[in-house]
Amino acid sequence: MSGRFSEQVMTEAMRDVAGILGVPCGDAQLLRLTNNAVFALPSSGVVIRIARTHQLRDRVVKVVRLARWFADIGAPTIRLAPGVQQPVEVGELVASVWEYIQPEPPTPTVGDLGLLLREFHSAGAPPFSLPVWSPIDDARRRLADADGLDRYDRGFLMRWCDRLAPQVDALNQRTERKLVHGDAHAGNLLRGPSGHAVICDFDATCVGPWQVDLAAVAVGDERFARTGAHTALAAAYGFDVTSDPSWPLLREARELKMIVAAVPLLATSEEVAAEFGRRLRTIRENDHGTRWTAFADLVTTKHPEEPPGDR
């Protein structure tokens, strides 16, 4: 992304937020530049997370409400910075501010993820409404704004959405709706000085079938030829999602997300466009043998604007 949501603009917004908080930002580190610009300010003990699109304003409000509820029930999640009125508005942008956790070894694993997800799913639903799991709506929104997507590919993806939509609706109707993290992978875990891992990043948190949170690792193992991660997750959680009757649908919904995630970068990265085409070909041909390459491995900038969905 560039222009209104470029790295330079986000850095200036981070400085404005730090000014509102009254904290120094000389040691600020840009951690991520995707749907959000995430900056760590270690000496100030905070992390500033700025939404890079005005369309995600309501999502920031949702995330802040969730974080407050997680703190109330003692959930194993990252905490908002205390004493800060949130969300924080800077011009047309909106940010949330979190406690900074100095990462400590060992790096969180999928085993940690399985244990934390089991606790996360048992928390019940919060006392306020959350969106229902809707991967097809998310995909359609991305396709509606796509640049660099040819008509043939767009048509195929829209028909895929049309085919999956009633199946997703039926699954939502027939299963008990539980809290779903929505982007469950070990990269969204942090281990601090306490030694305990916690979950972060609640942008995609919703209610729906809890099995959704186990599908990402299983699909990643299959599509990227990884070994052992899904087995370790299933052992820690106590359930193998590939044995679930809904697994074929969960797999397709995840694969759809992993493909449309690249749409914003098609016009700016030849490497990502080529991988996008490769992935789409394997879906058209029902090819589960050709391995995919992670989009993050194809972006060589210092702070990659990595499309979500690969982990």
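Student: In which sense do strand β2 and strand β3 pair, and over how many bridges?

Tutor: In this predicted model, β2 (residues 36-41) and β3 (residues 46-51) run antiparallel, joined by six bridges. Within that pairing, Leu 41 is found opposite Val 46 of β3.

Student: Which helix packs on the sheet, and which strands does that helix touch?

Tutor: Helix α1, spanning residues 7-21, packs there, with contacts to β1, β2, β3, β4 and β5 (93-99). The direction of α1 makes about 125° with that of β4.

Student: In what order do the strands of the open sheet stand?

Tutor: The sheet is made of five strands in the order β1-β2-β3-β5-β4, with antiparallel pairing. β1 (29-33) and β4 (88-90) each have a single partner strand, so they form the edges and one side of each lacks a neighbour in the sheet. On average, neighbouring strands are turned by 25° against each other, direction ignored.

Student: Across which strands does helix α2 lie?

Tutor: Helix α2, residues 57-73, lies across β3, β4 and β5. Relative to β5, helix α2 runs at about 25°.

Student: How should one read burial along a helix? Which residues of α4 are buried?

Tutor: One lists the buried residues, then looks at their directions around the axis. Here a residue counts as buried under 20% relative accessible area. In α4 (residues 135-144), the buried residues are Pro 135, Ile 136, Ala 139 and Leu 143. Viewed down the axis of α4, these fall within an arc of 95°, so they line one face of the helix.

Student: Against which elements do the buried residues of α4 pack?

Tutor: They pack against α5 (151-174) and α8 (247-260).

Student: Turning to the whole chain, how many helices and strands are there?

Tutor: The protein chain contains nine helices and nine strands.

Student: What does the radius of gyration say about the protein chain?

Tutor: The value is compared with that expected for a compact globule. For 311 residues the expectation is near 19 Å, and the protein chain has 19 Å, so the two agree. The C-alpha atoms fill a box of roughly 55 × 45 × 35 Å along the principal axes.

Student: What share of the residues is buried, and what share of the accessible surface belongs to carbon and sulfur atoms?

Tutor: Of the 311 residues, 50% count as buried. The accessible surface amounts to about 14400 Å², and carbon and sulfur atoms account for 50% of that surface.

Student: What share of the contacts joins residues at least 24 apart in sequence?

Tutor: Taking contacts between residues at least 6 apart in sequence, 68% join residues at least 24 apart.

Notes. Residues are numbered from 1 along each chain as its sequence is written. This is a predicted model: local features need pLDDT of at least 70, side-chain atom pairs count only at pLDDT 80 or more; totals for chains, interfaces and linings use all residues. Side-chain values use heavy atoms; hydrogens and water are left out. Two strands pair if DSSP finds at least two bridges between them. Helices (H or I, at least four residues) and strands (E, at least two) are DSSP runs, numbered from the N terminus. Axes are lines fitted to C-alpha atoms, for helices over the stretch in contact, and angles run from 0 to 180 degrees between N-to-C directions. Contact means heavy atoms within 4.5 Å. Buried means under 20% relative accessible area, exposed over 50%, partly exposed in between (1.4 Å probe, protein chains only). The arc is that of the directions from the helix axis to the C-beta atoms. The radius of gyration is taken over C-alpha atoms; the globule rule is 2.2 Å times the number of residues to the power 0.38. Accessible areas come from the Shrake-Rupley method with a 1.4 Å probe; for residues, only the protein chains shown count as cover.
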